Amino acid sequence: MRFHIYFICFFVVLSFAFFLSYFSSFFSQESVLTFMLNMNLFSSNNKSDNEQDIFDFLLDYTIGRQELVEDEYDGSLSPQEYTPDPTPEENKENPIIYLYNSHQGEEYRGDTLDSHDVVPTVMLASYRMREELNLLGLNTIVETNPITEVLTANGWNYASSYEASKLLMQDALEKNNTLKYFFDIHRDSIPYESSVVSYDNKTYAKILFVIGTDHENYEENLALAEKLNTILNQKVPNLTRGIIKKGGDGVNGIYNQDFSPNTLLFEIGGSYNKISEVTNTIHVLAESIKELIG
């Protein structure tokens with residue numbers, strides 16, 4: 001009889017937990033499984049400890065986590081469109097490098113971070129690259145204002161993302177006249193086999209440079225990309241997919257590269273790359289930028 005009571009109580013609590021997991025993005029199904037494996041619910045003793053574990057579990061993974069993220073995310077945007085800066089203090093004074101993402105919602109493979117309710121995006125890549133560059137003595141800042149808010153304020157659609165990011169670039173330069181380099185980080189939509197390379201027991205997300213040809217800075221931007229492309233492949237053979245030029249009818253052809261001759265667009269990996277592979281690449285990219293600009 002006692003076994004049946006325990007089983008019914010366990011079933012009710014577990015049903016409640018799965019109900020919460022369905023309606024809350026802050027609840028992790030993986031955490032439920034871990035809890036089940038570690039609980040030893042069918043033990044005939046320590047009844048009060050088991051009950052306390054159940055309540056602690058529910059509080060930790062529902063109410064507690066909700067309170068932690070409430071101030072960071074107000075629900076007006078989807079998680080894919082809003083990635084709060086985890087370390088805003090890393091934005092340095094007198095920066096020379098400005099990192100931004102015209103397409104902030106571009107995601108990487110999320111299997112390694114799903115249990116933490118984190119969607120790895122190109123914005124996370126920018127934050128990591130800022131950290132690497134700052135450690136190398138290249139003062140760097142990341143644009144954290146949501147592109148979607150600029151689009152909405154101007155009545156623009158997604159196709160105008162580059163116009164929106166350019167407004168933020170102009171504002172950043174007005175506030176930081178020391179800025180010299182402007183790097184737009186994206187990810188591609190290619191098969192995994194085309195977006196990864198292995199070298200010295202590590203896997204890296206491959207880099208593609210995109211250069212717009214429909215503006216006056218075209219040749220200067222191209223020359224900068226060619227130099228950086230060479231340095232990258234010297235450090236990790238075949239790390240890059242080269243340089244693609246885009247211009248003419250039906251394409252953007254500018255990509256904000258008319259803003260400065262030191263403006264580049266990187267496609268770092270693709271949607272199937274792990275964030276760890278992206279991180280490996282960013283480490284090499286930061287060192288290469290240091291070598292390029294001193």
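Where is N238 found? I looked that up to start, keeping in mind that this is a predicted model.

**Entry 1: N238**

I found N238 in the loop between helix 7 and strand 7 (240-246). Its phi caught my eye: the angle is near 65°, a positive value in a residue other than glycine. Most residues other than glycine have a negative phi, so I made a note of it. Next I checked accessibility. N238 is exposed, since its relative accessible area of 53% is over the 50% cut-off.

**Entry 2: N256**

I then went to N256, which sits in the loop between strand 7 and strand 8 (263-270). Phi of N256 is near 65°, again positive in a residue other than glycine. Buried or exposed, I wondered about N256? It is buried, because its relative accessible area of 5% falls under the 20% cut-off.

**Entry 3: helix 7 against helix 8**

Back to the helix before the N238 loop. I pulled up helix 7 (residues 218-235) with helix 8 (residues 275-293): they pack at an angle of about 125°, and their axes are 9 Å apart. That angle makes helix 7 oblique to helix 8. I also looked up the handedness, and helix 7 passes helix 8 in a right-handed crossing.

Which residues make the contact? From helix 7 I listed L224, K227, L228, I231, L232 and K235. Helix 8 puts in V284, L285, E287, S288, I289, E291 and L292. Sorting the residues of this contact by type, I got eight nonpolar, one polar and four charged.

Note on methods. Residues numbered from 1 in each chain as written. Predicted model: local features only at pLDDT ≥ 70, side-chain atom pairs only at ≥ 80, totals over all residues. Heavy atoms only, no water. Axes fitted to C-alpha atoms, helices over the stretch in contact; angles between N-to-C directions. Helix = DSSP H or I, 4+ residues; strand = E, 2+ residues; numbered from the N terminus. Parallel < 35°, antiparallel > 145°, perpendicular 65-115°, else oblique. Left-handed = near helix turned anticlockwise from the far one by under 90°. Contact = heavy atoms within 4.5 Å. Nonpolar A, V, L, I, M, F, W, Y, C, P; charged D, E, K, R; others polar. Buried < 20%, exposed > 50% of the residue type's maximum accessible area, 1.4 Å probe, protein only.
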